[in-house]
Amino acid sequence: MKPQKVIIILLALLLIVTLYGCTTENKTAGVNKNTEATYREIILNDVLEAEHITNIGLNKNNELVAYIAGDSRKYVVLDENIEVKKEINIGFDGRANIFTIDSNNNMYILSEMSETNEKKDIVKIIKKLFSYDNESSSITENNAIGELTDTTARSTEEITKKIRIDSKGNIYALKLGGKIEVFDSKFNSKKILDSTLYTDIDIDEEDNLLAIRKNIEERVLDKINTSNYKIILSKEYDYNELPRSIYYNKNTKSLYGISTGWIVKYDSKGNMTNRLLNTGELSDIEFIFDFVVDDSEEVYITADAGGSYKLIKYTTSAPEIKEDEEAKEERTEVVVEVTQDYGNQLTRAARKFGELNPDVKVTVNLYPDLDGAQYNDKLNAELIAGKGPDILYFRGWEPIRTYIEKGMLVNLDEIMEKDSEFNIEEYNTHMIDNLRYKEKLYTMPIDYYMFYSFVLNQKLLDEKGVTVGEDLIWKDIYALSKKLNENSTEQIYVLPKIDDYMLFDWIVLSDLDYYIDWDKKEARFDSEEFIETLELFKAIKEDNVMHPDLQWIDIANDKHNNEDLKNIAIYTGQTHAYHYINSIGAVFNGFNAIPVPKGEYTGNREYGSSFLAINANSKHQELVWEFIKFMITEEMQTIDSYIFQKSFRINNNASKRQLDELVFKEQEKNKAYMEKQGLFFVTEEDVERLNKIIGNLNKPSVSDPFEGIIYEEIQPFFNGEKTAEELAKQLQNKADIYLHE
């Protein structure tokens, strides 16, 4: 299950973004492996003498238009030689970074200006539409298009994120909440598209609206006919291919997107055709605000890079300075491979490690077009052949147990014993020890990025006179349902609706190490324990233990009716870092959290983690260990706000900083606002509860191919086509074959 941002956190980040030369080289290969391009990076802030540049666009002449924020608020037009052709000063109040450009190079600006009271609280946000006439070089106010007087967190959904204009002069405004408002050529509101919520938009040369929708269930690019607002094409993507944001070049009739850090090109049907470059390989980019691709496929982005908002050009022209080739050859190279470099964490660490160790080059090979199974096949073949990358990066779906048993991974205990500078007490030793296999450590965690906390609706439980313990198994959950409904006139649900595989993971897979003895290669599916577990799984699915409609993810995203919450006893809080206590605690106005039920026969409580290992075939094992140590230093664990916030840190100092800076200091800084909005404040006791839950986590999630076989095989049981006993015998036979292959 992928981490889900609570909507208030997401909207707050977007609101900050919307309201308010050195060169390096990079060689990337596209989906078409015959297409290669060498890009170099040029940072344009010095050229423009500007510290913060947030938004950009391309006009009909293939010239870049950039918005410069700060005291010198203005737009600049740059020619293809990056020289300033025109400056447009801004004479109106309010933000000016949301703009679009028509086919005559006229600009349209949607400005939103806040009004505050004597306490500096925002009490109103006024929206106005301005236009810039390219012929007269003047900006005119066209229309006041409304105001927001409800300034709660939910009202930020109405703040405009992006606008685009079609050939008829209609303007399409994408809101932070995902709605699209359409204005006609006279700047009157004519339509609001809100049946589907979108994350980004653009307009093609035929005036079709291109729109990205992404949620827990779908990742889709829609092409919408703007004459009748009907969807004429929908392209579905897997996680690696979906563009987070898009740009359409009408001159070249080409669609581009940012997908997991890559600038990617798509065909007219939304299929990926080329990967142009990976921005993360070139500089320390924390978050990309805006991007365009010109007629020559040179790329411009604005991004938070090193604490300032930079305008960066990626050009395919020859670099002015080339690194000394002899110096390159003398460096020792170590290699790490990944399908996805989340937050460019490995790429950035590789660059910084090389800066500190000039005689070493850490190469990050990315395989974004391989899914997990394809990459595992590739890696398995390499390791069996005595090859493969020096550094192995795992997130739990690799056959790690097999790698260890076949002697493919280095025992880190032996390396740590020789390293007098390494003090394991500076790290979360509980999470490190959880990774031990037969008392030996072969993998080092760099984070733990997801687990669940069961948060109690204490008010409901007190009304029913029911006490819930902290050491539950799933039989207790079923019994709790019966107890809560003994004398109830209305149906009480223990849990919100949980999807089948997630429930399967909790109830069945948590005890997989009991049903399969991996060392003895014996299975015990044909047992009373497994049959009882199947019956329990079916009963929890079908016997009103879970709410029939309200899904846990809808609660996380604040898409629910508060009346429904009154009849739910436990919320399944997906937890990624300490500051998630704020949003999870807000559900029942109290962080009365306990661990999830453990596996009845193993005691397992699983969690997601990322970890590194050393390939036993590597010729540079000590050097690889130095890089692994570097990855878990406080510096690298807190290198930017994305990495700092996205998951729990394995470094103790970094973990303490996450708690202090992202929870308690943020609460103190925003105290007045939080009190006004009635938001949940985290206490030291809440942190103690969460740390106790963390202490109960004992098994990093590690997949095995047989898990998928079990899930497919049990479907006939749920459909009533087979009994639990028949299914148990069938799985026993398949497990015996699987274990002895």
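K646 has a relative accessibility of 15%, so this lysine counts as buried. The model it sits in is a predicted one, and this lysine is a handy place to start looking around.

## A lysine with a faraway partner

What does K646 form a salt bridge with? The partner is D447, and the closest N and O atoms of the two are 3.5 Å apart. K646 belongs to helix α19 (residues 641-646) and D447 to strand β29 (residues 444-456), so this pair ties together parts that are 199 residues apart in sequence. D447 is buried too, because its relative accessible area is just 1%, and the cut-off for buried is under 20%.

As a bit of background, side chains of opposite charge can pair when their charged atoms come close.

## More charged pairs

A search of the whole structure turns up 42 salt bridges. Another one joins K692 and E470, with 3.0 Å between the closest N and O atoms. This pair also links distant parts of the chain: K692 is in helix α22 (residues 684-696), while E470 is in the loop between α9 (458-464) and α10 (474-484), and the two are 222 residues apart. E470 has a relative accessibility of 39%, so it counts as partly exposed.

Then there are R213 and D222, whose side chains meet in a salt bridge of 2.5 Å, N to O. Are R213 and D222 buried or exposed? Both are buried.

Here are the three pairs side by side:

| Salt bridge | N to O distance |
|---|---|
| K646 and D447 | 3.5 Å |
| K692 and E470 | 3.0 Å |
| R213 and D222 | 2.5 Å |

Salt bridges can also join up into a network here: E158, K175, K179 and E181 are linked in this way.

## A negative patch on the surface

Now for some charges on the outside. Which residues form a negative surface patch? They are E528, E535, E725 and E726. Two helices, α13 (528-542) and α25 (724-739), each supply at least two residues of this negative patch. Take E725, which is placed in helix α25. Its relative accessibility is 41%, so E725 counts as partly exposed.

Just past helix α13 comes D543, found in the loop between α13 and β33 (546-551). D543 is partly exposed, because its relative accessibility is 27%. How far apart are D543 and D222 in sequence and in space? They are 321 residues apart in sequence and 38 Å apart in space, going from C-alpha to C-alpha.

## Loops worth a look

Most residues other than glycine have a negative phi. Two residues in this model go the other way.

One is I82, which has a positive phi of about 60 degrees although it is not a glycine. You can find I82 in the loop between β5 (74-78) and β6 (84-89). With 15% relative accessibility, I82 counts as buried, because the limit is under 20%.

The other is S137, another non-glycine residue with a positive phi, this time of about 55 degrees. S137 is placed in the loop between β9 (122-133) and β10 (138-148). Its relative accessibility comes to 45%, so S137 counts as partly exposed.

One more loop residue is I498, located between β30 (495-497) and α11 (500-507). I498 is at 4% relative accessibility, so it counts as buried. How far is I498 from Q551 in sequence and in space? The two are 53 residues apart in sequence and 6.2 Å apart in space, C-alpha to C-alpha.

## Stepping back to the whole chain

Time to zoom out. The protein chain has 25 helices and 38 strands. Along its principal axes, the C-alpha trace spans about 85 × 75 × 50 Å. Does that add up to something compact or something spread out? The radius of gyration is 28 Å, and a compact globule with 741 residues would have one near 27 Å, so the chain agrees with that.

Of those 741 residues, 54% count as buried. The chain exposes about 33200 Å², and carbon and sulfur atoms supply 44% of that.

What about the charges overall? The chain carries 87 positive and 132 negative charges, and their mean positions are 3 Å apart.

Methods: Residues numbered from 1 in each chain as written. Predicted model: local features only at pLDDT ≥ 70, side-chain atom pairs only at ≥ 80, totals over all residues. Heavy atoms only, no water. Patch = residues over 30% accessible without salt bridge, like charges linked within 9 Å, V, L, I, M, F, W, Y side chains within 5 Å. Areas by Shrake-Rupley, 256 points an atom, 1.4 Å probe, with all protein chains shown as cover. Salt bridge = Lys/Arg side-chain N within 4 Å of Asp/Glu carboxyl O. Lys, Arg positive; Asp, Glu negative; His and termini not counted. Charge placed at Lys NZ, Arg CZ, Asp CG, Glu CD. Helix = DSSP H or I, 4+ residues; strand = E, 2+ residues; numbered from the N terminus. Buried < 20%, exposed > 50% of the residue type's maximum accessible area, 1.4 Å probe, protein only. Rg over C-alpha atoms; globule rule 2.2 N^0.38 Å.
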